[in-house]
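Please examine the sequence and the structure shown below. This briefing then goes through the main elements of the fold by topic.

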Amino acid sequence: MSFYTANSLTFSYTRINKLFENISFAIEKDQHVGLMGPNGCGKTTLIKLMLGLLKPQQGEIYLDGKNINNISLSHIGKKVGYVFQNPDKQLFCPTVWEQMSFSFIYGNADCKDDADYKLKHYLEIFDLARYKDSSPLELSRGEKQRLALASVLSRNVEFVILDEPTTGLDILRRKQLDKCLEALKEEGKGYIIVSHEDEFLIHHVDTILNLNPKGVDIR
Ligand SMILES: Nc1ncnc2c1ncn2[C@@H]1O[C@H](COP(=O)(O)OP(=O)(O)OP(=O)(O)O)[C@@H](O)[C@H]1O
């Protein structure tokens, strides 16, 4: 079975309109997927279903062979790292360093020895080392985005989901993100990137999952 398998998913927020109906797809652990589609078609919603944060009205999602309904959120979070479209939703610690440490130790309970080195390394990559003792709330939009990326990428997850990761990044920081995605590829890790940016996706993905009102195309 694939790393992610979705069978005949149907989801709606209201009784009247179905956001998507009967969609099925499979994603391998080392696959690099771009999730595209018009505004409001349900890309973020699909990601939330894949993280177990929402439940479909019909259909099932399997993660690494297990029905996601039967796996705890913390177990899913240890396997799959994700960065939300709005990084405010995942930054809650008093300082940047504690935010990084929390994610790292939570996700890598058995390799705490690495922590200092890895956290400093990722703070430097994303040019955040000088904010180590600042509150994440004081950071700019782009800095928050970089902190959310740094904390997910420093963890030893098996698969990564990034929802609009280029938002708020300037050219230099985009290049750093490019390098991190290349590094994930070299480590044999797969990812899904939700994005409207064709150019960015062309460089980083091998499969496009195009969500639209009629269903999903995979190419
Ligand atoms: N909690 C919610 N309750 C009701 N409707 C919601 C909720 N969250 C999202 N929606 C609606 O569901 C639809 C899909 O939203 P979603 O954020 O998944 O789309 P998207 O494809 O990611 O959009 P975008 O490209 O603009 O980021 C939208 O019409 C949105 O308004």
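The points that follow concern two sheets, a helix, a ligand site and some backbone details.

The model is predicted. One sheet is open and has four strands in the order S2-S1-S4-S5, and another open sheet has six strands in the order S6-S7-S8-S3-S9-S10. Helix H1, residues 43-50, has buried residues that are covered by, among others, strands S1, S3, S4, S7, S8 and S9.

**The four-stranded sheet**

- Strands of a sheet pair through backbone hydrogen bonds, in either the parallel or the antiparallel sense.
- In the open sheet with the order S2-S1-S4-S5, the pairing is antiparallel.
- Strand S2 (20-27) and strand S5 (66-67) are the edge strands, and each has a single partner, so one side of each is left without a neighbour in the sheet.
- H1 packs on this sheet and touches S1 and S4, its direction making about 125 degrees with that of S1.
- S1 and S2 run antiparallel and are joined by five bridges; Thr 5 has Ala 26 in S2 as its bridge partner.
- S1 also pairs with S4, again over five bridges and in the antiparallel sense, and here Ala 6 stands opposite Ile 61 of S4.
- Two bridges link S4 and S5, which are antiparallel, and Leu 63 has Lys 66 in S5 as its bridge partner.

**The six-stranded sheet**

- The sheet with the order S6-S7-S8-S3-S9-S10 is open, and its pairing is mixed.
- Its edge strands are S6 and strand S10 (215-218), each of which pairs on one side only.
- On average, neighbouring strands of this sheet are turned by 15 degrees against each other, if direction is ignored.
- H1 packs on this sheet as well, touching S3, S7, S8 and S9, and its direction makes about 150 degrees with that of S7.
- S6 and S7 are parallel and share four bridges.
- The bridge partner of Val 80 in S7 is Phe 159, while Val 83 stands opposite Leu 162 of S7.
- In a regular strand, side chains alternate between the two faces of the sheet.
- Strand S6 (residues 80-83) is covered on both faces: Val 80 and Tyr 82 are buried on one side, and Gly 81 and Val 83 are buried on the other.

**Helix H1**

- Which residues of H1 are buried? They are Lys 43, Leu 46, Ile 47, Leu 49 and Met 50.
- Viewed down the axis of H1, these buried residues fall within an arc of 160 degrees, so they line one face of the helix.
- An α-helix has 3.6 residues a turn, so residues three or four places apart point the same way.
- The cover over the buried residues of H1 includes strand S1 (4-11), strand S3 (32-36), strand S4 (58-63), strand S7 (159-163), strand S8 (190-194) and strand S9 (207-212).
- Gly 52, just after H1, takes a positive phi of about 80 degrees.

**The ligand site**

- Which residues surround the ligand? They are Tyr 13, Leu 19, Gly 37, Asn 39, Gly 40, Cys 41, Gly 42, Lys 43, Thr 44 and Thr 45.
- Sorted by class, this shell holds three nonpolar, six polar and one charged residues.
- Lys 43 belongs to the shell around the ligand and is also one of the buried residues of H1.

**Positive phi outside glycine**

- Asp 127, a residue other than glycine, has a positive phi near 55 degrees, and lies in the loop between helix H4 (115-125) and helix H5 (141-153).
- Is Asp 127 buried or partly exposed? Asp 127 has 14 other C-beta atoms within 10 Å, so it counts as partly exposed.
- Glu 164 likewise is not a glycine and has a positive phi, near 50 degrees; its place is the loop between S7 and helix H6 (171-186).
- Glu 164 is partly exposed because it has 18 C-beta neighbours inside 10 Å.
- The C-alpha atoms of Asp 127 and Ile 218 are separated by 36 Å, and the two residues are 91 residues apart along the chain.

Definitions and conventions: Residues are numbered from 1 along each chain as its sequence is written. This is a predicted model: local features need pLDDT of at least 70, side-chain atom pairs count only at pLDDT 80 or more; totals for chains, interfaces and linings use all residues. A residue is buried if 20 or more other C-beta atoms lie within 10 Å of its own, exposed if 12 or fewer, and partly exposed in between; C-beta atoms are placed from the backbone. The arc is that of the directions from the helix axis to the C-beta atoms. Two residues are in contact if their C-beta atoms, placed from the backbone, lie within 7 Å. Two strands pair if DSSP finds at least two bridges between them. Axes are lines fitted to C-alpha atoms, for helices over the stretch in contact, and angles run from 0 to 180 degrees between N-to-C directions. A residue is near a molecule or strand if its C-beta atom, placed from the backbone, lies within 6 Å of it. Ala, Val, Leu, Ile, Met, Phe, Trp, Tyr, Cys and Pro count as nonpolar, Asp, Glu, Lys and Arg as charged, and the others, Gly among them, as polar.
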